[in-house]
Structures are given as structure tokens and as C-alpha cells.
Amino acid sequence: MENWRQAVEDEARTWKGTPFHHKGRVKGVGVDCGGYLHCVYSQFFPLPEFPREYASDWAVHSENEIYLDWIAPFVVEVKAPVQGGLTLAR
């Protein structure tokens, strides 16, 4: 896909107004933060199924970077933010 950055941005905008819902994956109905990212990016890139069973506080007060460790194989580190990119920090 030549202009994937704009396509990702456009898809992300279609989710605007979708309320938070733990484990949700339905545009306009409910989605959580990890599910939102997975739903948007999986439209353009092959990603494995997002874990379905996790506690609502799975990443809170943990020394382990569970989400970052899960997503690490599918991202590349860049020096500066790019359009359509995702910014994560440890």
C-alpha cells in the first residue's frame, strides 16, 4: 500500500466517538485502547489475533511491559514521529 499512513489515519478517524469498553472491538459500540490499535492497524498489516482474555488492570502496577512486549515484533523504532505512526514509550 503506497499511502498507508494516510489510510491508517483515515481508518482511525472512523472510530471517533466509539466509547471505551473493556475487551470491546466493535466500531461505534465499544473498544478498549489495545483493541482500538489492533482493529485499526490490522486493516492494513497482518497482525496476530489480539489476546482475548486479560484483566481490566492487566498492565497497571506491573514491572513488566506486557503490551509493549506483545507489540514489539510488529513495530520499528524511529527517531521522530511519523504520520500514521503509533508512539509508545517505556
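Three helices and two strands make up the protein, described here from a predicted model. Read from the N terminus, these elements follow the order α-β-β-α-α. Of the 90 residues, 24% count as buried. Among contacts between residues at least 6 apart in sequence, 42% join residues at least 24 apart.

A good place to begin a tour of the interior is the largest nonpolar core. This core has ten residues in all: Val8, Trp15, Val31, Leu37, Cys39, Val40, Tyr41, Phe50, Tyr67 and Ile71. Two elements, helix H2 (33-41) and helix H3 (66-71), each give two or more residues to it. The biggest share comes from H2, which supplies four residues. As a general background, nonpolar side chains in soluble globular proteins tend to be buried together.

Helix H2 therefore deserves a closer look, being mostly covered, with seven of its nine residues buried under the cut-off of 20% relative accessible area. The buried residues are Gly34, Gly35, Leu37, His38, Cys39, Val40 and Tyr41. Their packing partners are helix H1 (4-14), strand S1 (25-26), strand S2 (30-31) and helix H3. Within this helix, Cys39 offers a concrete example: once neighbours within four places in sequence are set aside, Cys39 is in contact with Trp15 and Arg25. Trp15, like Cys39, belongs to the largest nonpolar core.

Arg25 also takes part in a polar contact, this time with a residue just outside H2. Asp32 lies in the loop between S2 and H2. Its relative accessibility is 4%, so Asp32 counts as buried, the cut-off being under 20%. The side chain of Asp32 makes a polar contact with the side chain of Arg25, at 3.4 Å.

The pairing of H1 with H2 can be followed in more detail. Two packed helices are described by the angle between their axes and by the distance between those axes. For H1 and H2, the angle is about 130° and the axes are 9 Å apart. The two helices are therefore oblique to each other, since an angle would have to be over 145 degrees to count as roughly antiparallel, and 65 to 115 to count as roughly perpendicular. The crossing of H1 past H2 is right-handed. At the meeting point, H1 brings Val8, Glu11 and Ala12, while H2 brings Tyr36, Val40 and Tyr41. Among these residues, Val8, Val40 and Tyr41 are also members of the largest nonpolar core.

How values were computed:
Residues are numbered from 1 along each chain as its sequence is written. This is a predicted model: local features need pLDDT of at least 70, side-chain atom pairs count only at pLDDT 80 or more; totals for chains, interfaces and linings use all residues. Side-chain values use heavy atoms; hydrogens and water are left out. A nonpolar core is a set of buried Ala, Val, Leu, Ile, Met, Phe, Trp, Tyr and Cys residues joined through side-chain atoms within 4.5 Å. Buried means under 20% relative accessible area, exposed over 50%, partly exposed in between (1.4 Å probe, protein chains only). Contact means heavy atoms within 4.5 Å. A polar contact is a pair of N or O atoms within 3.5 Å; within protein, one must be able to donate a hydrogen and the other to accept it, and residues adjacent in sequence count only if both atoms are side-chain atoms. Axes are lines fitted to C-alpha atoms, for helices over the stretch in contact, and angles run from 0 to 180 degrees between N-to-C directions. Angles under 35 degrees count as roughly parallel, over 145 as roughly antiparallel, 65 to 115 as roughly perpendicular and the rest as oblique. A crossing is left-handed if the near helix is turned anticlockwise from the far one by less than a right angle, and right-handed if clockwise.
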